[in-house]
Amino acid sequence: MNDDLLRAVEAALFAADEPMSAEALSAHLAGADVAPALAELKEHYRARGVRLVERGGRWQFQTAPDLAHLLRREREQARKLSRAATEVLAIVAYHEPVSRAEIEAIRGVQTSPGTLDVLMEAGWVRVAGRREVPGRPVIYATTPDFLSHFGLASRKDLPGIDELKAAGLLDPVDDAYDDLVTQGERAAEAEEESESAALENPEESA
């Protein structure tokens, strides 16, 4: 390994305003093959206070997870997503690029425009163009910030709804409301079955 190249890759990533792909690094360093340098630097920083990580094909330095609390000056408020937003985010992530109509077909219900707006404002979903079909609907995809926020190297590492719920990304009020609705529906079904049985067997009910 050329020490000069190793140091150049390290310096370029350290000074970069945003994560860089291997291709961008190579172009910045006169077409050099940066893959070996990236692999060596990743291993070098594995046990240090900062780590070199790849998120969505882009490389960046970030604080080691076990030390992040030392650098927080203010307590961050956890972002809470409604059930609808979580479902839409999961559908976009697993099926991207996907149109709003396709999202609604998968969910089985209409999707409020505000739901996609919330995800785009969070920087997790972006407009990825238009589908080449009649009407040319807008299609959506996830962003590198989505992968970075959830600590994913690629979409292959995507969690499911259960993992998102366990991580506290579903509003507990929504869960409680859904439980109440489910209980009400079950009670109504039981009452209907009871009334139906009474009509069929009037002597037993008497």
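Contact here means heavy atoms within 4.5 Å. By that yardstick, residues 24 or more positions apart account for 50% of the contacts in the protein chain with a separation of 6 or more.

This is a predicted model, in which local features need pLDDT of at least 70 and side-chain atom pairs count only at pLDDT 80 or more, while totals for chains, interfaces and linings use all residues. Residues are numbered from 1 along each chain as its sequence is written, and side-chain values use heavy atoms, with hydrogens and water left out.

**Overview**

The protein chain has 11 helices and six strands; helices (H or I, at least four residues) and strands (E, at least two) are DSSP runs, numbered from the N terminus. Of its 206 residues, 26% count as buried. Buried means under 20% relative accessible area, exposed over 50%, and partly exposed in between (1.4 Å probe, protein chains only).

**The two sheets**

Let us start with strands 1 to 3. They form an open sheet in the order 1-3-2, with antiparallel pairing; two strands pair if DSSP finds at least two bridges between them. Strand 1 (20-21) and strand 2 (50-55) are the edge strands, each pairing on one side only. Strands 4 to 6 make an open sheet as well, in the order 4-6-5 and with antiparallel pairing. Its edges are strand 4 (98-99) and strand 5 (125-130).

Here are three of the strand pairs, each with a pair of facing residues.

| Strand pair | Bridges | Facing residues |
|---|---|---|
| Strand 1 and strand 3 (residues 58-63) | two | Ser21 and Arg58 |
| Strand 2 and strand 3 | six | Leu52 and Phe61 |
| Strand 5 and strand 6 (residues 138-142) | five | Val127 and Tyr140 |

Strand 2 and strand 3 form a hairpin with two residues between the strands, and Gly56 in this hairpin takes a positive phi near 60 degrees.

Gln60 is worth a look in strand 3. Gln60 counts as buried because its relative accessibility is 16%. Leaving aside neighbours within four places in sequence, Gln60 is in contact with Pro19, Arg51, Leu52, Val53 and Ser148.

**Helices against the sheets and each other**

Helix 1 (residues 3-15) lies across strand 1, strand 2 and strand 3, at about 70 degrees to strand 3. Axes are lines fitted to C-alpha atoms, for helices over the stretch in contact, and angles run from 0 to 180 degrees between N-to-C directions. In the other sheet, helix 7 lies across strand 5 and strand 6, running at about 110 degrees to strand 5.

Helix 1 also packs against helix 3 (residues 35-44), at an angle of about 70 degrees and with the axes 9 Å apart. The two helices are therefore roughly perpendicular to each other, since angles under 35 degrees count as roughly parallel, over 145 as roughly antiparallel, 65 to 115 as roughly perpendicular and the rest as oblique. Helix 1 contributes Leu6, Val9, Glu10 and Leu13 to the contact, and helix 3 contributes Ala37, Leu38, Glu40 and Leu41. These residues divide into six nonpolar, no polar and two charged. For this count, Ala, Val, Leu, Ile, Met, Phe, Trp, Tyr, Cys and Pro are nonpolar, Asp, Glu, Lys and Arg are charged, and the others, Gly among them, are polar.

Ala12 is found in helix 1 too, and counts as buried because its relative accessibility is 12%. Not counting residues up to four places away in sequence, Ala12 touches Met20, Leu25 and His28. The C-alpha atoms of Ala12 and His28 are separated by 8.3 Å, although the residues are 16 apart along the chain.

**Nonpolar cores**

A nonpolar core is a set of buried Ala, Val, Leu, Ile, Met, Phe, Trp, Tyr and Cys residues joined through side-chain atoms within 4.5 Å. The largest has 19 residues, of which Leu89, Val92, Ile103, Leu119, Trp124 and Phe146 touch the most other members. Helix 5 (83-95), helix 7 (113-121) and helix 8 (144-149) each give two or more residues to this core, and helix 5 provides the largest share, six residues. A second, separate core of 14 residues includes Val9, Leu13, Val34 and Ala37.

**Backbone details**

Most residues other than glycine have a negative phi, and most peptide bonds are trans. The peptide bond from Glu96 to Pro97 is cis, with omega near -5 degrees, and Pro97 sits in the loop between helix 5 and strand 4. Ala30 has a positive phi, near 60 degrees, and lies in the loop between helix 2 (22-28) and helix 3. Ala30 is exposed, with a relative accessible area of 79%. Arg136 has a positive phi near 40 degrees, in the loop between strand 5 and strand 6. At 40% relative accessibility, Arg136 counts as partly exposed.
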